[in-house]
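Reader: I should like to go through this protein by question and answer. Please set out the reasoning behind each reply.

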Amino acid sequence: MGIDVVVEGLTKTFGRQTIWQDVTLTLPAGEISVMLGPSGTGKTVFLKAIVGLLRPDAGRVLVDGVDMANSRERDVYEARKLFGLLFQDGALFGSMTLFDNIAFPLREHTRKKESEIRRIVMERMDTVGLAGAERKLPGEISGGMRKRAGLARALVLDPQIILCDEPDSGLDPVRTSYLSQLLIDINTELDATMLIVTHNLDIATTVPDNMGMLFCRDLVAFGPREVLLTSEEPVVEQFLGGHRAGPIGMSEEKDRATIAREASHGLVAGPPTRRTVAPQLQPTPGLPVRRAVQRRRDRVRGLLDSLPPAARAAVEADLSGVPDGDTLVRTRPLSTYDGGAPA
């Protein structure tokens, strides 16, 4: 089973630029979480801080009793073995075959015999749909295959925490759909704590148990997926709707005069209407029930009184056994937004 990742008061600056400040959240053990945010909000930097690859200016990250931000390098190195990391481009060694790329963590961090390494690598390659491609070089395969090879490498040590940095980048919608299902199935199999950074709304709305969003140096929100999916926060509605009107601009944030000018020209969404919260993906038939599901339900029962009414209604429907897709909540339909898509 995965373990909690506790982030407390995390702040990071580069020179005079504050990337994010006072970020506090907990990634619940064994659950899937997604972090959203416009480009340039420091989501990748946040992942690097969690795994101890980048030291923040303030705050701490607690993983199995180790503070990844402030502990001795030796302790951080050992705790890092609990992680599986999937980078945006797969981060494969170009001169190594896929087999050797995926075997690398096992050869580097364990004393397993080559026969055992081969068994593990072939199992993970089969898991991500790369059986038969073990002798290929990264330059001989597609970007989607490289991404899956990177995921297989992230899984070979049976990690308790999996961090995925934009796993969908460069993938077409069909491959993204397969990837979404694969992430759910991996969580079902490993029961690992997962954090996915993505811009893809299909992944964001159908895969996670929890959702968060970074914007303008702050954590806008983090909690059960229903909180963001029913949010009336302007920045959340703009991001999920994919329209121009709102706080997000080409340079991340707009000044108040620009927002007021957009409003005067009618570049705002209409009054809130009702649409459904997309149902969460289920494991592929034949796999067991995700163990995180019941743990999450037990956990959110204690949060109900603190949730906004729309989010609470969606959570209560889930707790009563009504599929999320049958739960109507107050929000704006994507079709009313400039640049949006039909709901």
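**Contacts, sheet and helix crossing**

Author: In this predicted model, residues 24 or more positions apart account for 67% of the contacts in the protein with a separation of 6 or more.

Reader: How many helices and strands are there in the protein?

Author: The model is a predicted one. Of its 343 residues, 50% count as buried. The secondary structure of the protein comprises twelve helices and 14 strands.

Reader: Which strands stand at the edges of the open sheet of six strands?

Author: The order of the open sheet is E6-E7-E8-E3-E9-E10, and its pairing is mixed. A strand at the edge has a single partner strand, so one side of it is left without a neighbour in the sheet. The strands in that position are E6 (83-86) and E10.

Reader: What is the average twist from one strand to the next in that sheet?

Author: The strands concerned are those in the order E6-E7-E8-E3-E9-E10. From one strand to the next, the twist averages 15°.

Reader: Which residue of E7 stands opposite Phe83?

Author: E6 and strand E7 (residues 161-165) run parallel and are joined by four bridges. Opposite Phe83, in E7, stands Ile161.

Reader: Which residue in E10 is the bridge partner of Leu214?

Author: Strand E9 (residues 210-215) and strand E10 (residues 218-224) run antiparallel, with six bridges joining them. In E10, the bridge partner of Leu214 is Leu219.

Reader: Which residue takes a positive phi in the hairpin of E9 and E10?

Author: The hairpin has two residues between the strands. A phi near 50° is found there, and the residue that takes it is Cys216.

Reader: Why are H11 and H12 described as oblique to each other?

Author: The axes of helix H11 (residues 291-301) and helix H12 (residues 309-319) come within 11 Å and cross at roughly 135°. Angles from 65 to 115 degrees count as roughly perpendicular and those over 145 as roughly antiparallel. The crossing angle fits neither class, and H11 and H12 are therefore oblique.

Reader: How do the residues of the contact of H11 with H12 divide into nonpolar, polar and charged?

Author: The crossing of H11 and H12 is left-handed. H11 contributes Arg296, Arg297, Val300 and Arg301 to the contact, while H12 contributes Val315, Asp318 and Leu319. The residues of this contact divide into three nonpolar, no polar and four charged.

How values were computed:
Residues numbered from 1 in each chain as written. Predicted model: local features only at pLDDT ≥ 70, side-chain atom pairs only at ≥ 80, totals over all residues. Heavy atoms only, no water. Pairing = 2+ DSSP bridges. Axes fitted to C-alpha atoms, helices over the stretch in contact; angles between N-to-C directions. Parallel < 35°, antiparallel > 145°, perpendicular 65-115°, else oblique. Left-handed = near helix turned anticlockwise from the far one by under 90°. Contact = heavy atoms within 4.5 Å. Nonpolar A, V, L, I, M, F, W, Y, C, P; charged D, E, K, R; others polar. Buried < 20%, exposed > 50% of the residue type's maximum accessible area, 1.4 Å probe, protein only.
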